[in-house]
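Visitor: Before we look at anything, I would like to understand how the words used for a model like this one are earned. Could you take me through the reasoning behind each label?

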Amino acid sequence: MPATTATTFPQLVLDQAGRLASRPFLQVWAEDEGVVLALSFADFSVRTAAAQQALDVRCGERVAFLAHPSVHFYVYLLGTMCRGGVPVVLNWRQPADVLVTMTHLASAGLLVAAPPLISEARHVVGELKGLRALLWMQPPSGCATPPMSAALPPGETLLPVLDGDNPFCSELVLDNVPDGSLAGEAIALIMFTSGSTATPKGVPLTHAGLLWNFALKLSSSPELTDDDDAGTLSLLPNFHVIGLCNNFLFNLFAGVRCAVDRDAALRPLNARRLLAACNVLRPSVLDTSDRVRVIGLG
């Protein structure tokens, strides 16, 4: 399969949807239920187009995300990029006052949040008067988290639920991004250091830098290039560079499967859940962390 020639992530979404259309991309796994939703590369592109259409993001604007991993998180993150915005992924394990500092340091103009983090999100908005809106993502289908009420305070907006029953924009439109303003050297997203020794520091990652890294990773990964059903698995948080980059953005580049835990906001990661996910999803590559010891995984 020829390598993609995309130089930015919006181009990559379009390219892979055309090249790999029906190939499995994002699988939603739930413990005791298995795979509850599977999106192809084309399906993901369509949902990203819907997210792009729903977002009022200015070109170059920093958009903070405070949410656990979910399909909505991923498509709204890419939808932000497709409008020329820069996602800023916040560490939802940090105290509320640290989240305020992270959002301020990133100069974010918008906050996109999920209902389980309602108190933290509203605290950030209350402390940072420069934020122009708080946008709420609805819980994923089948999740036990109740949906948000449509009656929201001023300055808060409920984003559309991007499920199969909703009308979608048919394709991504990249002409809303001014010529030359979104190039490989532009910042693709901002992630933060852990904050274990000091205040978390924002790390800007460019389109070109990430894609170069992914190309190098893929060239040394025969377990992914030699298998048409290849995939990776990580139940790490989405604010972790491995959880987001190695097991989502890389998969978009490489044309391989990735997975998201539907109930990540409700159930902590442990060895039993990780093994249950492996048994169903059969990943070619497993990325985890020292929080979980897996013994006898063969």
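Guide: Let us begin with a term: a polar contact is a pair of N or O atoms within 3.5 Å, where, within protein, one must be able to donate a hydrogen and the other to accept it. Please keep in mind that this is a predicted model.

Visitor: What makes the pairing of the side chains of D261 and R273 a polar contact?

Guide: The side chains of D261 and R273 make their contact at 2.9 Å, and the cut-off is 3.5 Å, so the distance satisfies the definition. A polar atom of the D261 side chain also lies 3.1 Å from the backbone nitrogen of D263.

Visitor: Why is D261 called buried or exposed?

Guide: D261, which is found in strand 11, has a relative accessibility of 7%; buried means under 20%, and therefore D261 counts as buried. Beyond its neighbours within four places in sequence, D261 is in contact with W29, P69, L235 and R273.

Visitor: And which label does L14 receive, and why?

Guide: L14, in helix 1 (residues 9-20), has 36% relative accessibility, which falls between the limits of 20% and 50%, and so L14 counts as partly exposed.

Visitor: How do you know that the buried residues of helix 9 line one face?

Guide: The buried residues of helix 9 (residues 271-281) are R273, L274, A277, C278 and L281. Seen down the axis of helix 9, these buried residues fall within an arc of 140°, so they line one face of the helix. They pack against several strands, including strand 1 (24-30), strand 2 (34-40) and strand 11 (258-261). At the start of helix 9, a side-chain oxygen of N270 comes to within 3.3 Å of the backbone nitrogen of R272, while R282, which follows the helix, has a positive phi near 50°.

Visitor: What makes helix 3 mostly covered, and how does its reach agree with the expected one?

Guide: Twelve of the twelve residues of helix 3 (residues 71-82) are buried, and on that count the helix is mostly covered. From first C-alpha to last, helix 3 reaches 16 Å, close to the 16 Å expected at 1.5 Å a residue. Just after helix 3, G84 takes a positive phi of about 85°.

Visitor: Why is strand 8 described as largely enclosed?

Guide: Five of the six residues of strand 8 (residues 187-192) are buried, so the strand is largely enclosed by the rest of the structure. Strand 8 pairs with strand 9 (residues 202-206) in the antiparallel sense over five bridges, and L205 of strand 9 is the bridge partner of L189.

Definitions and conventions. Residues numbered from 1 in each chain as written. Predicted model: local features only at pLDDT ≥ 70, side-chain atom pairs only at ≥ 80, totals over all residues. Heavy atoms only, no water. Buried < 20%, exposed > 50% of the residue type's maximum accessible area, 1.4 Å probe, protein only. Helix = DSSP H or I, 4+ residues; strand = E, 2+ residues; numbered from the N terminus. Pairing = 2+ DSSP bridges. Arc of directions from axis to C-beta. Contact = heavy atoms within 4.5 Å. Expected span 1.5 Å × (residues − 1).
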